Every structure is written in C-alpha cells, then in structure tokens.
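Let's take a walk through this structure, starting with the chain as a whole and then zooming in on a few places. Keep the 3D view open as you read.

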Amino acid sequence: MKFGADLKNSIVPEWARGYIAYDALKARIKAMTAAEAAEKDALEEDFFAQLEEELEKVNRFYLEKIKEFDDALSKLDGRPRSSSGDAFGAGAGAADAAADKATRARSKTPPPPSAATASSMLRAGMSFTTNFSTKS
C-alpha cells in the first residue's frame with residue numbers, strides 16, 4: 001500500500017484537522033518536478049512555505065492534545081487516593097494493597113504509571129501501556 005493511502009486509512013476522524021496535508025504537498029512536488037527551470041524557484045518557495053505551515057499546524061495540534069491530557073491528568077490527581085496511594089484502587093484497604101503488590105511481584109508486572117509520570121511520558125512523545133486485571 002502506498003503511503004498516502006495508508007495515511008488516509010489510519011486517520012482518526014476526530015483528529016483529522018491535525019494531520020499534514022499530504023496530498024497537497026505531494027501535488028506541489030509533482031508540479032515542481034514538471035516545471036521549467038524558470039518556474040522552479042517560485043514553486044520551491046511556495047512548497048516550503050506550505051510545508052512550514054503544515055508542520056506548524058501539526059505541532060499546534062499536538063501541543064493542544066498534550067494540554068488536554070495534562071488537564072485531564074490534573075483532575076485525576078485531585079481524586080481521593082486509597083491507603084496504598086494508588087488512584088486506581090480508591091477505597092481499597094491495606095490487605096488489598098498488599099495482595100496487589102504480591103501479585104505484581106509474582107507476575108513481574110510493573111505498577112501503572114502515576115499521573116505525573118504519564119504526563120511526562122506524553123510530553124516526551126513516549127507511549128505506555130497499563131495492564132488492568134479484575135479480581136475474582
């Protein structure tokens with residue numbers, strides 16, 4: 001599959017405005033390669049101006065999403081925490097916390113990242129996964 005088609009197929013509809021205008025930039029590149037030498041300089045300037053605008057658009061969108069995630073994490077930080085200090089187990093007692101710790105030790109599953117750690121990871125462009133299990 002070609003990159004342009006793959007990009008179109010992977011667009012998250014709610015985030016479409018934050019994607020680069022790949023087809024428009026590709027069309028400008030094709031126009032530059034087909035142009036006469038006299039036109040190429042002006043077309044290159046237009047291309048790089050549009051490319052810069054697109055990169056700024058993507059960056060603004062990314063920063064907007066980081067702010068939204070930071071705000072959501074800040075709200076979560078304000079939630080009451082359990083005695084274990086784990087925001088995911090609000091209301092759990094010391095026995096539940098000890099059982100969770102023992103289960104993690106046996107399975108070598110790391111604890112979920114704290115809201116501050118998750119926020120730092122998002123700002124750095126890193127991703128993380130958390131495995132949540134239900135108790136029976």
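Start with how the chain connects to itself: if you take the contacts between residues at least 6 apart in sequence, 48% of them join residues at least 24 apart. Keep in mind that this is a predicted model. The protein chain has five helices and zero strands, so reading from the N terminus you get α-α-α-α-α. Of its 136 residues, 17% are buried. The chain exposes about 10,200 Å², and carbon and sulfur atoms supply 57% of that area.

Now zoom in on one helix pair. Helix 2 covers residues 22-34, and helix 3 covers residues 37-77. How do these two pack against each other? Their axes sit 9 Å apart, at an angle of about 165°. Anything over 145 degrees counts as roughly antiparallel, and that is why helix 2 and helix 3 get that label. As for handedness, helix 2 passes helix 3 in a left-handed crossing.

Which residues make this contact? Helix 2 brings Ala24, Leu25, Arg28, Ile29, Ala31, Met32 and Thr33, while helix 3 answers with Lys40, Leu43, Glu44, Asp46, Phe47, Gln50, Leu51 and Glu54. Sorted by class, the contact has eight nonpolar, two polar and five charged residues.

Pick out Gln50 from that list. It sits in helix 3, and leaving out residues up to four places away in sequence, Gln50 touches Ala24, Leu25 and Arg28. These three also appear among the helix 2 residues in the contact. Is Gln50 buried or exposed? Its relative accessibility is 13%, and because the cut-off for buried is under 20%, Gln50 counts as buried.

Next, step back along the chain to Ile20, which lies in the loop between helix 1 (3-10) and helix 2. Here the relative accessibility is 29%, so Ile20 counts as partly exposed. Setting aside neighbours within four places in sequence, Ile20 is in contact with Leu25, Leu51, Glu54, Leu55, Lys57 and Val58. Some of these names should look familiar: Leu25, Leu51 and Glu54 also take part in the contact of helix 2 with helix 3. Val58 deserves a look as well. Ile20 and Val58 are 38 residues apart in sequence, and their C-alpha atoms are 6.4 Å apart in space.

Notes:
Residues numbered from 1 in each chain as written. Predicted model: local features only at pLDDT ≥ 70, side-chain atom pairs only at ≥ 80, totals over all residues. Heavy atoms only, no water. Helix = DSSP H or I, 4+ residues; strand = E, 2+ residues; numbered from the N terminus. Buried < 20%, exposed > 50% of the residue type's maximum accessible area, 1.4 Å probe, protein only. Contact = heavy atoms within 4.5 Å. Axes fitted to C-alpha atoms, helices over the stretch in contact; angles between N-to-C directions. Parallel < 35°, antiparallel > 145°, perpendicular 65-115°, else oblique. Left-handed = near helix turned anticlockwise from the far one by under 90°. Nonpolar A, V, L, I, M, F, W, Y, C, P; charged D, E, K, R; others polar. Areas by Shrake-Rupley, 256 points an atom, 1.4 Å probe, with all protein chains shown as cover.
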